[in-house]
Amino acid sequence: MTMAEHGTGAAGAGRAAGGPAAGEWRSSACILCECNCGIEILVGPGGRSFDKIRGDKAHPASHGYTCNKALRLDHYQNGRSGRLTRPLRRRPDGTFEEIDWDTAISEVAARFKEIEAAHGGKTIFYYGGGGQGNHLGGAYAPATMRAFGMRYRSSALAQEKTGEFWVNARMLGLPNRADVEHCEVALFVGKNPYQSHGFPRARSVLKEIAKDPGRSMIVIDPVRTETAELADFHLQVRPGTDLYLLTALAAILVREGLIATDWLAEHADGLAAVTAVLNEVDVAGYCEIADVDEALVRAAARRLAGASSVAVLEDLGVQMNRDSTLVSYVEKLIWLLTGNLGKEGAQYVFSSMAPIGRDRGHPADEGPRSPVAGAKIIGGLVPCNVIAEEILTDHPGRYRAMLVESANPAHSLADSARMREALDALDLVVVIDVAMTETARLADYVLPAPTQYEKYEATFFNFDFPRNIFHLRQPVVDAPEGVLPEPEIHARLVEAAGALSEDDYAPLREAAAKGRQAFAEAFLGALGEKPKLMRLASVLLYRTLGPTLPNGAASAAALWALAHKCAQDNPAGVKRAGYGEGLEAGERLFDAIVTNPHGVVITDDEQDETWRRLGGRRIQLDVPELLTEVAGLAARPRPDLAPEWPFVLSAGERRAFTANTIIRDPGWRHRDPEGTLRMNETDAERLGVVAGDRVRLTTRRGSTEVTVDPTDRMRPGHISLPNGLGLAVQGPGEDGAPVITGVAPNELTAAEDRDEFAGTPWHKHVPARVSALSGVAGGAGAVAGEAG
């Protein structure tokens, strides 16, 4: 079908009725972290610029709160970014030419079909499915995967969270979060919520805890972060030794009789095996390895045990570090041994609109594996660090093509040079994105999408409790001519593959015209008659239910099924949120989501809902393969640095003016525009450098020049580079030649440095050396390869 036959123009698919007017405030949300705080945007003259941004007081989670980053989102929407507005096809000489959408879709579909016929659809790899704040388009990707027989996929979650996903599945069976707002004691492990957030109104909540004499905050981090400065206990751990420190904490709880014995007998199995291991721990020795005062560790353990409630959050500081899966395990032992689950101010199991963070919890030697490296697939995601390995081989099952959506693996995955080599070795690379990213520059076809403020969009990071929130964001400004929202792109690819046609749509369109009840009956009947349609359901809904939705909200059609699933799985919470019972509850919930521009409460739970969601399952404290590793920790060699690599580099620190790479405009950074290398003042003095000097930073993968920033926040031997830099963006001036600002951290990281269980990278633990420059030529961000 052509665009005309679909009844929508390239810019019109999914646009709300009535364009923005200058001086009009429009509701939306920040897209820079998982909290997605509600904001209001004042649209400027011409209906394009964001003249002002403020917190949305009507948002049911953030209530008008924002941090400084949200207030500069015009740099995302209108900054120098390499914005795309036409489909591109690579010429034989490597340059790109603009083509029309019909040509792009037909050629991409034909080439995917050729690869499927020759090698099987399982050799076509899908990466992405949504950036930090745009998940709605990713809900349609499974239909494209089904249409071309794709089997394997991954995303940024497999760089960060899959170890924790697997541990949660083994111990509880379900993912969980922490009620930081109401806890007596908050414990943050490798997390700086002041910058990374992770829960609503993060900075306000942190300050509330810090000011309350009856509450405490414990931070485990090698850096004296903004959060650590507010804490009662800062356990400034030696980089990469978090497992030793946490094991010492857990051992103190057991050996001092500080565990919730009666609670554990009621809810958990495996306590005897765990206590047997922890009773053998050399607490003093482990504290010495972690370089944290034993008395301080014991005081922190006693504060945890004496609290009425403890909320624990871990983050990338440990999840992208050595022993990340083991750290997740011992961290969870700490709050389980103290009985902190299923009560206010502790851990909880949340409702959801999509199954993010869920895994089946197969033992380490079981479950699905990647075809070449045999890497463990957790939550359906291939570990990012093996993707290049899955391509650069003669193995018959190797990946031969790649569809990348709203992601930038050439920049964001470890060992960028090897990732570029892998992308170059593929038969076909197709990128769906807003801007000419580093990955798009390597593609055969680039399909342009609207920005997150030009279309209906949402995030599936819905983790709040007891009132969980979902926010369908409506377009703020019109999309330019020539782009298509991701649901439309996926629908056209599915149709070009011959997986769906008008014969599938017609009966459902007819039913939709009669009302939602008739449509539901027809839709379920179609799935029952043709089970193969299940994985195509999102596009089926988009083409049939979508056109009936108000204000051009066709992209929200996939949420209809998710709303009904949420109502079915969480009847009490959905009823308490005001949507009633039975089938009507799902319809009311869906209608509320589609029509409320500020976001809605999807479930309003009682505290004991966690136990209902666990369904009688007992907590498993003893995960044998993990507990065995904890028991063997004492026999490991000391984790000392090699003399030739005297520093540990944290590659990708979150700072006040850095974010994920969707903001490509360097002009948004008020401070530290080039991204300095932070190091301890003593180390700087030893090297003979001061603030503003240039140094050479070298790892096993590369070498670069960077400006140094000595600070007492860093431990000696620990250095850091910020995330979100090293991007090629349109330069100023008439020629607009691309310029690169700062260092791309993954030019310095190694793919083989990864967790033994989950395959997550060690971005926060990169062996490095630093030397003062003495007449060495080079510019900001220049990286040269170096043999390791």
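Mentor: Before we start, contact here means heavy atoms within 4.5 Å. This is a predicted model, where local features need pLDDT of at least 70, side-chain atom pairs count only at pLDDT 80 or more, and totals for chains, interfaces and linings use all residues. Residues are numbered from 1 along each chain as its sequence is written, and side-chain values use heavy atoms, leaving out hydrogens and water.

Trainee: Okay, which residue in the 590s touched by Leu-472 is an Asn?

Mentor: Skip residues up to four places away in sequence, and Leu-472 still touches Leu-136, Tyr-456 and Leu-559, among others. Its list also includes Ile-593 and Val-594. The Asn you're after is Asn-596.

Trainee: Which helix gives the most to the largest nonpolar core?

Mentor: A nonpolar core is a set of buried Ala, Val, Leu, Ile, Met, Phe, Trp, Tyr and Cys residues joined through side-chain atoms within 4.5 Å, with buried meaning under 20% relative accessible area (1.4 Å probe, protein chains only). This one has 185 residues, and Leu-472 is one of the four that touch the most other members. The top contributor, with 11 residues, is helix H10 (residues 242-255).

Trainee: How far from Lys-764 is the nearest side chain of opposite charge?

Mentor: Lys-764 is in the loop between strand E27 (738-741) and strand E28 (766-772). It's buried yet has no salt bridge, that is, no side-chain nitrogen of Lys or Arg within 4 Å of a carboxyl oxygen of Asp or Glu. The nearest opposite charge belongs to Glu-653, at 8.2 Å.

Trainee: And which residue in E3 is the bridge partner of Glu-40?

Mentor: Strand E2 (residues 38-43) and E3 pair in the antiparallel sense over five bridges; pairing takes at least two DSSP bridges. The partner of Glu-40 is Arg-54.

Methods
Buried means under 20% relative accessible area, exposed over 50%, partly exposed in between (1.4 Å probe, protein chains only). Helices (H or I, at least four residues) and strands (E, at least two) are DSSP runs, numbered from the N terminus. Lys and Arg count as positive and Asp and Glu as negative; His and the chain ends are not counted.
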